Every structure is written in C-alpha cells, then in structure tokens.
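Visitor: I would like to take a close look at a single part of this model and at the residues packed around it.

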Amino acid sequence: MNFRFPKSEKLKSKKTIELLFKEGKSFSKFPIKVFYLPMVNFKKTQAGFAVPKRNFKNAVDRNRIKRQLREAYRLQKHLLKSEEDSEFTLFFLYLGKDKLPYESIKIAMEKILDKIN
C-alpha cells in the first residue's frame, strides 16, 4: 500500500473546487463535513482540507487541525475503491468548535471514506 500524499493528489484548482461545490454531494460525520464529486478521466483522487477562521482565530490551531485531517486521510485513503475511469474530488471541512483528539478525527474520517464507497 502507498501511504503517500503527493502534490498531484492535492486539490488546488479553483475551477474544480467551484464545480465541486456546485454539482457535488455532501454529508457530515461530526466533526468533519465532506463534499465529493466522482470525476471521470481523472488520473488520481484529489482532496482538499479547510478549517474555518470563524471557529479558530489562531492560525496555529487551524494548521494543526488541517495537519490532523490530512494525516487521517493519508493513512485511510486506501479505503476508497476506485475504478479505472472514475476518481473522486473530495473537500473536507472541519465543523467542530474546539480541538478534538486525533483519534476522534481518525474515526470520523474512516466512517466518511466507507460511506463514500
């Protein structure tokens, strides 16, 4: 298994992000909300992460939570079963008002990835 999260798997395209929010589906498993859209003819599944500034004023706190989200995704992305022609575009949004332990983020991420399949 490959547990890497290279640059090619990071969601950065503004057009793709806009398309994801317009046409994608979403659901949440506290403390994470996910927006997802199956993409045809994409090379790899791409993922983006965000933590609202409204809930966490300090950049240090926002960055720590984003690191935890990325790590939970990186270790469990193999749960996404992808066919040859279909990949996903994913965007994870942290909904919690306070910092939670990594284990709760990891469990929520695992349930989210299982549900997307």
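Visitor: In which helix is Leu20 found?

Guide: Leu20 belongs to helix H1; helices (H or I, at least four residues) and strands (E, at least two) are DSSP runs numbered from the N terminus. The model is predicted, with local features requiring pLDDT of at least 70 and side-chain atom pairs pLDDT 80 or more, while totals for chains, interfaces and linings use all residues. Residues are numbered from 1 along each chain as its sequence is written, and side-chain values rest on heavy atoms, without hydrogens or water.

The relative accessible area of Leu20 is 0%, so the residue is buried (under 20%; exposed is over 50% and partly exposed in between, with a 1.4 Å probe and protein chains only). Its contacts (heavy atoms within 4.5 Å), leaving aside neighbours within four places in sequence, are Leu11, Phe35, Tyr36, Leu37, Thr89, Leu90 and Phe91. Leu93, by comparison, is 73 residues from Leu20 along the chain, and the two C-alpha atoms are separated by 13 Å.

One of these contacts, Phe35, merits a description of its own. Phe35 is placed in strand S2, and its relative accessible area is 14%, so this ring is buried. When residues up to four places away in sequence are not counted, Phe35 touches Leu20, Phe21, Lys25, Ser26, Thr89, Leu90, Phe91 and Leu93. Thr89, Leu90 and Phe91 are thus in contact with Leu20 and with Phe35 as well. Asp114 lies 79 residues from Phe35 in sequence, and the C-alpha atoms of the two are 14 Å apart in space.

The surroundings of Phe35 lead to the aromatic pairs. Rings of Phe, Tyr and Trp (its six-membered ring) pair if their centres lie within 6.5 Å; planes under 30 degrees apart count as stacked, over 60 as edge-to-face and the rest as tilted. By this rule the model holds 10 aromatic pairs. One of them joins Phe5 and Phe49: the centres are 6.1 Å apart and the planes stand at 75°, so the arrangement is edge-to-face. This pair links distant parts of the chain, with Phe5 in the segment before helix H1 (14-23) and Phe49 in strand S3 (residues 46-50), 44 residues apart. Phe5 and Phe49 are both buried.

Phe35 is itself in an edge-to-face pair with Phe21, at 4.8 Å centre to centre and with 70° between the planes. Here too distant parts of the chain are linked, since Phe21 is in helix H1 and Phe35 in strand S2 (residues 32-40), 14 residues apart. The burial of the two partners is not alike: Phe21 has a relative accessible area of 40% and is therefore partly exposed, whereas Phe35, at 14%, is buried.

Further aromatic features complete the view. Phe5 and Phe49 form one aromatic cluster together with Tyr73 and Phe92. Lys115 lies over the face of Phe27, at 4.6 Å from the ring centre (NZ of Lys or CZ of Arg within 6 Å of the centre and within 35 degrees of the ring normal). The peptide bond from Phe30 to Pro31 is cis, with omega near 10°, and Pro31 lies in the loop between strand S1 (25-29) and S2, the strand that carries Phe35.
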